[in-house]
Amino acid sequence: MSASLVIERLSKTYPNGTRALDSISMVIPCGMYGLLGPNGAGKSTLMRTIATLQDPDSGSIHLGNLDVLKQKEDVRRLLGYLPQEFGVYPRVSAQDMLDHLAILKGIGDRRERRETVAAMLQRVNLYQYRRKALSGFSGGMKQRFGIAQALLANPQLVIVDEPTAGLDPGERNRFYNLLAEIGEQVIVILSTHIVQDVKELCTQMAIINEGRLLYAGSPQAAEDKLAGKVWQKSLSKQELAEHQQQFRVISTKLVAGRPLIHIVSDAPPGHGFEKVTPDLEDVFFAEILGVHRTPSLPA
Ligand code: ADP
């Protein structure tokens with residue numbers, strides 16, 4: 001299948017009044033798609049809705065001819081989902097758990113299942129631990145098990161929610177490599193608040209905040225949009241507050257103990273600022289803060 005996932009005017013308000021999704025529309029093609037947003041943006045709500053685990057108040061989702069919100073069973077057979085957290089890790093071995101999940105995915109033949117499970121355990125480097133109980137797995141091992149179960153039975157739609165949050169740099173690299181191996185005819189949605197994840201892996205992306213879509217397109221096009229408008233300056237801690245008042249500051253980082261600020265300004269701001277080439281992090285903060293959309297603010 002090489003159908004796109006088409007989301008139209010999806011909205012969800014939780015019973016406590018939180019508007020998690022506010023008329024989100026987007027088209028997600030095959031390949032690696034990054035869904036970037038700060039904590040609380042609505043990413044998990046969107047991911048769980050696409051994964052048929054919860055219903056929106058209104059709107060629609062289609063995967064090719066499939067109506068995702070109605071034909072849930074059909075979608076689940078095509079779906080690989082790696083949630084943010086599994087919650088419980090039972091005292092069942094990795095092998096037995098995968099075997100059980102493979103049955104649910106419709107692999108009825110025992111021998112085929114054994115081979116599929118073994119191959120998947122090899123691929124995520126857990127084969128030697130196949131008889132060990134999941135409850136005794138380390139964080140990194142749990143993550144790899146999560147990937148194994150998500151990729152079982154050649155899913156056509158893969159959803160990974162905040163996958164690298166708890167990983168050390170080595171584990172993160174291995175995870176990137178595993179994801180990169182998935183075929184190009186598969187839709188992979190990577191939901192994250194980590195800009196680096198999207199930068200390294202995704203050809204298309206969206207930025208959401210407060211349940212709204214702020215940007216959809218390629219990371220490169222997003223950076224190009226800001227080209228010539230991002231300026232940086234290293235300053236003393238005393239100068240920081242004053243600069244925050246005077247300029248549209250999108251980020252503040254400490255570099256060797258000194259604040260380094262990035263601002264957005266259409267015209268050269270003077271005051272010792274130098275122009276920098278925008279990166280995805282600049283795009284992210286500029287979109288989240290909405291600064292580039294309000295050029296009437298005092299610069
Ligand atoms: P993200 O994954 O981007 O962090 P979420 O989809 O988890 O965002 O949350 C979006 C908003 O909805 C947040 O304000 C969150 O507190 C709220 N929220 C999420 N789940 C629930 C729930 N079950 N009940 C009430 N509010 C929720």
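**Exercise 1.** Is A153 buried, partly exposed or exposed? Then describe its backbone and its place in the chain.

*Solution.* The model is predicted. Step one is accessibility: the relative accessible area of A153 is 24%. Buried would require under 20%, and exposed over 50%. A153 is therefore partly exposed. Step two is the backbone: A153 has a positive phi, near 65°, in a residue other than glycine. Step three is location: A153 lies in the loop between α5 and β7 (157-161).

**Exercise 2.** Carry out the analysis of Exercise 1 for A256.

*Solution.* The relative accessible area of A256 is 84%, and the cut-off for exposed is over 50%. A256 is therefore exposed. Its phi is positive, about 50°, although A256 is not a glycine. The residue belongs to the loop between β12 (249-255) and β13.

**Exercise 3.** Compare the expected span of helix α4 (residues 110-123) with the distance between its end C-alpha atoms, and find where its buried residues lie.

*Solution.* Start with the span. Helix α4 has 14 residues, and at 1.5 Å a residue it should span 20 Å. The C-alpha atoms at its ends are 20 Å apart, which agrees.

Next, list the buried positions of α4: R113, V117, M120 and L121. They cover an arc of only 100° around the axis, so they sit on the same side of α4. An α-helix has 3.6 residues a turn, so residues three or four places apart point the same way.

Then ask what lies over these positions. The cover of the buried residues of α4 includes α3 (94-104) and α5 (139-151). Finally, look past the helix: just after α4, N125 has a positive phi of about 65°.

**Exercise 4.** Describe the packing of α3 and α5.

*Solution.* Two packed helices are described by the angle between their axes and the distance between the axes. The axes of α3 and α5 come within 10 Å and cross at roughly 25°. Angles under 35 degrees count as roughly parallel, and α3 and α5 are therefore roughly parallel to each other. Their crossing is right-handed. On the α3 side the contact involves A94, M97, L98 and L101, which meet F145, A148 and Q149 of α5.

**Exercise 5.** Which residues of helix α8 (residues 219-226) are buried, and how does α8 pack against α10?

*Solution.* P219, A222, E223 and L226 are the buried residues of α8. They cover an arc of only 95° around the axis, which puts them on the same side of α8. Their cover includes the strands β9 (204-209), β10 (212-217), β11 (230-234) and β13 (258-264), together with α10 (280-289).

For the helix pair, the axes of α8 and α10 come within 9 Å and cross at roughly 70°. That makes α8 roughly perpendicular to α10. The contact is formed by P219, A222, E223, K225 and L226 of α8 with L280, D282, V283, A286 and E287 of α10. After α8 comes G228, which has a positive phi, near 85°.

**Exercise 6.** Which residues does I288 contact, leaving aside its neighbours within four places in sequence?

*Solution.* First, place the residue: I288 is in helix α10. Its relative accessibility is 23%, so I288 counts as partly exposed. Its contacts, with those neighbours left aside, are P38, I207, I208, N209 and L214. For a pair distant in sequence, take G37: I288 and G37 are 251 residues apart along the chain, and their C-alpha atoms are separated by 8.0 Å.

How values were computed. Residues numbered from 1 in each chain as written. Predicted model: local features only at pLDDT ≥ 70, side-chain atom pairs only at ≥ 80, totals over all residues. Heavy atoms only, no water. Helix = DSSP H or I, 4+ residues; strand = E, 2+ residues; numbered from the N terminus. Expected span 1.5 Å × (residues − 1). Buried < 20%, exposed > 50% of the residue type's maximum accessible area, 1.4 Å probe, protein only. Arc of directions from axis to C-beta. Contact = heavy atoms within 4.5 Å. Axes fitted to C-alpha atoms, helices over the stretch in contact; angles between N-to-C directions. Parallel < 35°, antiparallel > 145°, perpendicular 65-115°, else oblique. Left-handed = near helix turned anticlockwise from the far one by under 90°.
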